[in-house]
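Biologist: I'd like to learn how to read a fold like this one feature by feature. Could you take me through it?

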Amino acid sequence: MEKIKAIKTLKVTGKMIQQGIELPVSLQQKRPNMVRLNLNFQGKSLIQAYDGQTGWKVNPFQGSSEPEKDGRRRIERHARAGGH
């Protein structure tokens, strides 16, 4: 268990299939509580992140390619779960 607790960063990559379409996904976590999720589709990247204090997102599929604060707590909970 100590070796697992000693891990400071984690990167997971994979593919998600949504309605028959294969989407590349990556998740990066850094202790104590930072996380970034990237989902790529049609040459664009949807990003959700939590920097330890603020959640933010970039969602070009909703017409914006600029980062904006994300008030949802799901990404923050995910970051905190990986930080312990």
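Biologist: Let's start with S5 and S6. In which sense do they pair, and over how many bridges?

Modeller: One thing up front: this is a predicted model. For any two neighbouring strands, look at the direction they run and at the bridges between them. Here strand S5, residues 55-58, pairs with S6 in the antiparallel sense, over two bridges. To find the register, pick out a facing pair: lysine 57 stands opposite glutamate 68 in S6.

Biologist: Now zoom out for me. In what order do the strands line up in the sheet?

Modeller: The order is S1-S2-S3-S4-S5-S6, in an open sheet of six strands with antiparallel pairing. The edges are strand S1 (9-18) and strand S6 (68-69), each of which pairs on one side only. Along the chain, the elements run α-β-β-β-β-β-β-α from the N terminus on, which gives two helices and six strands.

Biologist: How many bridges join S1 to S2?

Modeller: Ten bridges, with S1 and strand S2 (residues 21-30) running antiparallel. For the register there, use isoleucine 17, which stands opposite glutamate 22 in S2. The two strands form a hairpin with two residues between them, and in the turn glutamine 19 has a positive phi of about 50°.

Biologist: Glutamate 22 is charged, and I'd like to follow it. Which residue does glutamate 22 form a salt bridge with?

Modeller: To read a salt bridge, look for the closest N and O atoms of the two side chains. Glutamate 22 forms one with lysine 15, and those atoms are 3.5 Å apart. A search of the whole structure finds one salt bridge. Next, check how open each partner is. Lysine 15 counts as exposed because its relative accessibility is 63%, while glutamate 22, at 48%, counts as partly exposed.

Biologist: Moving across the sheet, how many bridges hold the pairing of S2 and S3?

Modeller: Six, again in the antiparallel sense. Valine 25 stands opposite leucine 39 in S3, and the hairpin that S2 and S3 form has three residues between them.

Biologist: And how do I read side chains along a strand?

Modeller: In a regular strand, side chains alternate between the two faces of the sheet. After that, take the residues one by one. Valine 35 has its place in strand S3.

Biologist: Is valine 35 buried or exposed?

Modeller: Buried, because its relative accessibility is 4%, and the cut-off for buried is under 20%. You can also look at the backbone around valine 35: its C-alpha atom is separated by 5.3 Å from that of tyrosine 50, although the two are 15 residues apart along the chain. For the whole chain of 84 residues, 29% count as buried.

Biologist: Tyrosine 50 brings me to S4. What does the pairing of S4 with S5 look like?

Modeller: Strand S4 covers residues 44-50 and pairs with S5 in the antiparallel sense over four bridges. Isoleucine 47 stands opposite valine 58 in S5. S4 and S5 form a hairpin with four residues between them, and glycine 52 in the turn has a positive phi of about 100°.

Biologist: What about aromatic rings? How many pairs does the count come to?

Modeller: The count comes to one aromatic pair. Read the distance between ring centres and then the angle between planes. For phenylalanine 41 and phenylalanine 61 the centres are 5.9 Å apart and the planes lie at 50°, so the pair is tilted. The two rings link distant parts of the chain: phenylalanine 41 is in strand S3 (residues 34-41), phenylalanine 61 is in the loop between S5 and S6, and 20 residues separate them.

Biologist: What relative accessible area do those two have?

Modeller: Phenylalanine 41 has 26%, so it is partly exposed. Phenylalanine 61 has 37% and is partly exposed too.

Biologist: Last one, the surface. Which residues form a nonpolar patch there?

Modeller: For a patch, read the members and their joint area. Met1, Ile4 and Ile7 form the nonpolar patch, with about 340 Å² of accessible area together. Methionine 1 sits in the segment before helix H1 (2-5), and it counts as exposed because its relative accessibility is 68%. The accessible surface of the chain comes to about 6,300 Å², of which 53% belongs to carbon and sulfur atoms.

Technical notes: Residues are numbered from 1 along each chain as its sequence is written. This is a predicted model: local features need pLDDT of at least 70, side-chain atom pairs count only at pLDDT 80 or more; totals for chains, interfaces and linings use all residues. Side-chain values use heavy atoms; hydrogens and water are left out. Two strands pair if DSSP finds at least two bridges between them. Rings of Phe, Tyr and Trp (its six-membered ring) pair if their centres lie within 6.5 Å; planes under 30 degrees apart count as stacked, over 60 as edge-to-face and the rest as tilted. Buried means under 20% relative accessible area, exposed over 50%, partly exposed in between (1.4 Å probe, protein chains only). Accessible areas come from the Shrake-Rupley method with a 1.4 Å probe; for residues, only the protein chains shown count as cover. Patches are made of residues with over 30% relative accessible area and no salt bridge: like charges are joined within 9 Å, nonpolar side chains (Val, Leu, Ile, Met, Phe, Trp, Tyr) within 5 Å. A salt bridge is a side-chain nitrogen of Lys or Arg within 4 Å of a carboxyl oxygen of Asp or Glu.
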